[in-house]
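Please open the model in a viewer and keep the selection panel at hand. The stops below proceed from one selection to the next.

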Amino acid sequence: MREVLAQAAFQLFLERGFERTTVDDIVARAGVGRRSFFRYFPSKEDAVFPDHERCLAEMTEFLAAADDGDPVGAVSDAARIVLRMYAANPEFSVQRYRLTREVPGLRTYELSVVRRYEQTLAGHLRSRFGADGDGALRAEVIAASVVAAHNNGLRLWLRSGGEGDPEVAVDHALALVREVWGRPPAPAAPAAPEASVVPAAPLAVSGGGGGDGDGEVVVMVARKGTPMWRVVQQIESAVGEN
């Protein structure tokens, strides 16, 4: 029934336009009552994207069973589930793409659908990287990158009228994401050791004195940022010893 209603709705959208088609028109074409329509679709916008709920559920299930060893690879493979859904019915996918370009309300709805995919991918990555700090940031950035790469390749295919293999462009785009983000995060730099002062032994140089120490020079070596009081303390100590 979901497919019958979606097909009837889409036929009417193409014939009359999205704005001029009502839910009553759709159920009349499908030969069912209004209650049947709203059992499957909250609105006529949802009838334009009848396969996304199933696809989202499949993606969620796939990620739940994914290997923990390659989280970026897992979310990239999850994005390909969406691609295969589009590629399974090229004619419908191309018609839907063209319709969404013409109807602002459908573009807005499509963005909300895309955001749900992105949130699903980010949620999986947060479970691997951590939900706080850089782990959460890394999850959000990678999820957005995967979605952007997938959509770039998919739209190239849709704009071509569904010609050729859509996986070629998508695989290329996702490979770039994995090249950048597939490496494990660099370990945090170790904390700098506490500044210390290493006094050198007094170095005797030629001077005008007669061996009473007036010609000696004290050489000090200290880390940058060492407190001045410690430098002075060590100098006084070295001078006193000599």
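Begin with helices H6 and H10: H6 passes H10 in a right-handed crossing. The model is a predicted one, and the values quoted on this tour are computed from it.

**First stop: H6 and H10**

Select residues 71-87 for H6 and residues 166-181 for H10. The two helices pack at an angle of about 165°, and their axes lie 11 Å apart. Angles over 145 degrees count as roughly antiparallel. H6 and H10 are therefore roughly antiparallel to each other.

To display the contact, show the side chains of Val72, Gly73, Ser76, Arg80, Leu83, Arg84 and Ala87 on H6, together with Pro166, Glu167, Val170, Asp171, Leu174, Arg178 and Trp181 on H10. Coloured by class, this contact comprises seven nonpolar, two polar and five charged residues.

**Second stop: Ser76**

Remain on H6 and centre the view on Ser76, which lies in this helix. Is Ser76 buried or exposed? Ser76 has a relative accessibility of 0% and counts as buried, because the cut-off for burial is under 20%.

Which backbone atom lies 2.9 Å from a polar atom of the Ser76 side chain? It is the backbone oxygen of Val72. Next, select Val146, Leu174 and Arg178: Ser76 touches these three residues when those up to four places away in sequence are not counted. Leu174 and Arg178 also belong to the H10 side of the contact seen at the previous stop.

**Third stop: His150**

Select residues 133-159 to highlight helix H9, in which His150 is found. His150 has a relative accessible area of 4% and is therefore buried. Draw a distance between a polar atom of the His150 side chain and the backbone nitrogen of Leu83: the separation is 3.4 Å.

Then show the residues in contact with His150, leaving aside neighbours within four places in sequence: Ala79, Val82, Leu83, Val170 and Leu174. Among them, Leu83, Val170 and Leu174 also take part in the contact of H6 with H10.

**Fourth stop: H1 and H2**

Move to the start of the chain and select residues 2-16 for H1 and residues 23-30 for H2. These helices pack at an angle of about 120°, with 9 Å between their axes. H1 and H2 are therefore oblique to each other. H1 passes H2 in a right-handed crossing.

On H1, the contact is made by Val4, Leu5, Ala8, Ala9, Gln11, Leu12, Phe13, Glu15 and Arg16; on H2, by Asp25, Ile26, Arg29 and Ala30. By class, these residues divide into eight nonpolar, one polar and four charged.

Now select Ala30, which lies in H2. Which residues does Ala30 touch, not counting residues up to four places away in sequence? They are Val4, Leu5 and Ala8. Add Met1 to the selection as well: its C-alpha atom is 8.9 Å from that of Ala30, although 29 residues separate the two along the chain.

**Fifth stop: H5 and H8**

Select residues 52-64 for H5 and residues 104-129 for H8. Their packing angle is about 10°, with the axes 11 Å apart. The angle therefore makes H5 roughly parallel to H8.

The H5 side of the contact consists of His52, Glu53, Cys55, Leu56, Met59, Thr60 and Leu63, and the H8 side of Val113, Arg116, Tyr117, Thr120, Leu121, His124 and Arg128. Sorted by class, the contact has seven nonpolar, four polar and three charged residues.

**Final stop: the whole chain**

Clear the selections and view the full model. The protein contains 11 helices and four strands. Of its 242 residues, 37% count as buried. Among contacts with a separation of 6 or more, 63% are between residues 24 or more positions apart.

Conventions:
Residues numbered from 1 in each chain as written. Predicted model: local features only at pLDDT ≥ 70, side-chain atom pairs only at ≥ 80, totals over all residues. Heavy atoms only, no water. Axes fitted to C-alpha atoms, helices over the stretch in contact; angles between N-to-C directions. Parallel < 35°, antiparallel > 145°, perpendicular 65-115°, else oblique. Left-handed = near helix turned anticlockwise from the far one by under 90°. Contact = heavy atoms within 4.5 Å. Nonpolar A, V, L, I, M, F, W, Y, C, P; charged D, E, K, R; others polar. Buried < 20%, exposed > 50% of the residue type's maximum accessible area, 1.4 Å probe, protein only. Polar contact = N/O pair within 3.5 Å; in protein donor to acceptor, adjacent residues only side chain to side chain.
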